[in-house]
Amino acid sequence: MTGNGILQILLFFGLILLVTRPLGNYMADVFNGGKTFLDRIIGPVERLIYRLCGVDPEQEQHWTTYTVAMILFNVAGMFLLYGLQRLQHLLPFNPGALGAPTADLSFNTAVSFVTNTNWQAYSGESTLGYAVQMLGLTVQNFVSAATGIAIAIALTRGFARHSANTLGNFWVDMVRATLRVLLPVSLLLAIVLVWQGVPQNLSPYTRATTVEGTVQTIAQGPVASQEAIKMFGTNGGGFFNANSAHPYENPTPLTNMLEMVALFAIAAGLTYTFGSMVGNTRQGWTLFAVMSLLFFMGIGLAYPSETNVHPAVAGAGVDITASDRQAGGNMEGKEVRFGIANSALFATVTTDASCGAVNSMHDSFTPLGGMVPLINMELGEVIFGGVGAGMYGILLFAILTVFIAGLMVGRTPEYLGKKIEAREMKMTVLAIVLILPLSILGFTALAAIHPDGIKGPLNAGPHGFSEILYAYVSATANNGSAFAGLSANTPFYNLTIGLAMLIGRFLFIIPAMAVAGSLVRKKVVPPSPGTFPTTGPLWVGLLAGVILIVGGLTFFPALSLGPIVEHLLMNAGKLF
Amino acid sequence: MRSQLRPAIVMMLLMTVLTGMIYPAVVTGIAQGLFPHRANGSLIVEKGQVVGSELIGQNFTRPEYFHPRPSAAGAGYDATASGGSNLGPASRVLAARVDSISAALHRENPDVPVPIDLVTTSASGLDPDITPAAAEFQAPRIASARKLPLERVRELIAATTEDRQLGVLGEPRVNVLLLNRALDAVNR
């Protein structure tokens with residue numbers, strides 16, 4: 001590790017600290033329906049949208065109506081995206097004359113982008129033309145992120161309101177999240193990205209004659225507009241196969257830093273929005289602190305791990321020492337401009353948040369370096385997490401934690417003055433203790449014994465198992481990054497991974513909304529001397545502990561078959 | 001349930017117009033207006049011919065040019081098929097590749113250990129850069145192939161080396177295409 005590497009990591013975290021409060025405040029205003037500076041431009045557009053859709057923005061919804069609206073909207077998106085892909089050969093703006101992807105691949109991609117996962121079983125530049133990238137993928141990047149934000153706000157209202165029946169209006173929350181939060185910031189970032197070198201055009205791929213006289217065809221396209229929302233919306237679906245490692249998606253160290261900040265910004269801001277809406281910003285900062293603690297644990301393991309290589313590689317007369325002339329370390333699958341520190345940091349950040357963009361190939365990480373992304377996702381994507389998804393995820397963990405704390409001292413658990421009772425606990429346990437592990441471990445076990453599953457991995461030995469495990473962890477956690485050696489574009493993987501993404505998204509959201517619907521009806525219990533405080537270091541430690549223990553107990557056996565045994569064998573000099 | 005069906009469909013279509021058409025069109029308009037060179041891929045054009053992009057690595061194999069890193073993009077530096085090798089850390093294939101490239105490079109410069117980036121593929125397969133150490137390592141070969149003083153080659157490397165952005169971000173790096181063009185300009 002180098003001093004500069006540590007400095008860059010701290011600089012990144014400093015920038016997140018800096019944006020959390022202003023962004024969180026702004027979002028609180030937006031979702032409370034208060035005045036914001038964009039009212040004059042966006043207000044009329046919103047009113048037009050509501051009129052055309054036949055939505056009364058004043059009419060609030062019960063949790064069931066809110067959830068049904070959300071599901072129907074997402075189903076409409078899935079059909080649209082599936083249709084666009086299957087009809088790709090008929091659409092304009094397809095200079096490469098790319099044909100329609102197969103049915104199973106189109107299903108997988110449609111689910112993937114609607115669930116904010118952005119798992120990519122295809123390679124962008126050789127599969128999808130500009131029309132599908134813009135009309136299909138960019139649109140879902142916006143609205144899937146807006147859906148996540150809306151759910152988080154609805155759950156927040158469940159805590160903030162009392163003796164009420166409604167949680168807001170899904171259409172209003174979704175439209176506001178898109179128009180007032182995601183669009184303005186993406187527009188700004190897209191322009192900055194172009195300034196740094198990200199292309200934005202509709203031209204055909206460029207044919208170049210290289211210095212040595214060979215022909216190089218250079219894929220381009222409307223990259224910047226998609227790149228910006230891909231980061232802010234924690235979507236992560238790259239325009240190109242190499243994602244944010246591609247020099248056209250992430251040309252400079254500055255774009256790299258901005259992309260990472262964009263990736264965390266909204267999720268971090270939402271912790272403040274939460275605190276502000278429940279009337280106690282310390283509650284929000286406490287969640288921020290838990291997330292930060294877990295973030296630093298991840299990067300604290302990933303960064304030093306990536307400075308190592310296999311003994312056989314180190315012994316082949318190569319220099320892996322970090323100096324001011326080279327970053328050194330495990331450079332397989334990493335870009336020179338990012339080196340080790342920024343690759344390890346990006347991998348940690350993108351799997352903390354359920355983004356899944358990558359600026360290095362996680363499959364080539366050292367065993368422990370590659371285990372950090374796995375663990376981050378297995379913890380349920382609550383370390384800042386996907387926009388909105390991280391927020392409703394950690395709130396469910398908070399409910400679980402007050403329940404466990406309540407058991408220890410023998411009191412009825414409360415969180416923010418709301419009594420946590422059987423119904424909330426059932427829903428919470430269903431989402432985070434049952435459904436996520438069942439999907440991840442169930443599908444992994446299936447793929448590890450099914451003939452079509454075994455054909456998938458590129459690497460032999462324990463790493464092959466890690467490739468399979470990573471796929472279902474990533475899909476269920478709606479992350480979308482991959483140990484990309486896995487040949488995932490087969491009917492078996494497209495179907496099972498598609499199902500894992502649906503389960504991880506909707507079977508998590510529906511219980512979360514049920515919790516919100518039941519909380520909003522409750523009265524607020526005034527705090528008494530016996531109330532367990534949900535701010536302060538004790539609570540931070542307890543919540544972080546519960547997150548780690550639930551994740552650890554559930555997934556340790558699987559991890560020990562993959563990265564842990566690989567680490568031991570690698571240090572013993574074994575090759576596969 | 002039925003009352004939410006019409007909003008679901010109309011809303012999806014309206015969002016498609018707004019975020020799938022208007023938004024990319026506005027970005028394209030601003031980008032092409034403000035930064036046309038960047039927005040069109042930072043292409044290098046010489047005598048009306050596109051030579052490549054300063055951001056996209058291209059392959060060099062002749063001894064008188066600096067060589068880029070090994071590439072897993074297609075058959076190597078295929079800019080329509082970006083990607084990494086995805087070989088695991090304990091992969092036999094990876095170790096064998098590192099071994100053979102390292103041995104070959106040692107034949108041209110036996111005294112110095114090979115910088116790791118010269119034996120590893122990048123994540124994109126299109127990495128335009130090598131480390132300053134990797135450029136330095138190749139300098140003796142370039143000097144003898146071009147009959148240039150070693151010092152002159154080193155000066156060119158130093159002039160092409162980009163430091164960390166804003167003094168802190170990223171890693172120092174040398175753009176192979178720009179360095180090789182600078183070499184050609186000297187010999188011309």
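Me: What makes E1(A) and E2(A) a hairpin, and which residue in the turn has a positive phi?

Reply: Five residues lie between E1(A) and E2(A) in this hairpin, and Gly213(A) in the turn has a positive phi of about 90 degrees. Happily, the ground rules are short: this is a predicted model, where local features need pLDDT of at least 70 and side-chain atom pairs count only at pLDDT 80 or more, while totals for chains, interfaces and linings use all residues. Residues are numbered from 1 along each chain as its sequence is written, and chains are lettered from A and ligands numbered from 1 in the order in which they are written.

Me: How do you know that E1 and E2 of chain A are joined?

Reply: Pairing takes at least two bridges found by DSSP between two strands. Four bridges join E1(A), residues 206-209, to E2(A), and the strands run antiparallel; therefore they count as paired. One bridge puts Arg207(A) opposite Thr217(A) of E2(A). Strands here are DSSP runs (E, at least two residues) and helices are runs of H or I of at least four, numbered from the N terminus.

Me: What makes E3(A) and E3(B) pair, and in which sense?

Reply: Two bridges link E3(A), residues 318-319, to E3(B) in the parallel sense, so the requirement for a pair is met. In one of these bridges, Val318(A) has Val114(B) as its partner.

Me: How many residues of chain B are in contact with chain A?

Reply: 93 residues of chain B are in contact with 113 of chain A, where contact puts C-beta atoms, placed from the backbone, within 7 Å. H1(B) gives the most to that side of chain B, with 20 residues.

Me: Why does the largest nonpolar core lie between domain 1 and domain 2 of chain B?

Reply: Both domain 1 (2-36) and domain 2 (44-187) of chain B give residues to this core, so it lies between them; the bounds come from an automatic or database domain assignment. The centres of these two domains, taken over C-alpha atoms, are 41 Å apart.

Me: What makes a set of residues a nonpolar core, and which residues touch the most other members of the largest one?

Reply: A core joins buried Ala, Val, Leu, Ile, Met, Phe, Trp, Tyr and Cys residues through C-beta atoms within 7 Å; buried means 20 or more other C-beta atoms within 10 Å of a residue's own (12 or fewer is exposed, in between partly exposed). Among the 211 residues of the largest core, Phe264(A) and Ala512(A) touch the most other members. H6(A), residues 130-160, gives the most to this core, with 18 residues. Leaving out residues up to four places away in sequence, Ala512(A) touches Ile151(A), Leu155(A), Tyr392(A), Leu396(A) and Ala431(A).

How values were computed
Two residues are in contact if their C-beta atoms, placed from the backbone, lie within 7 Å.
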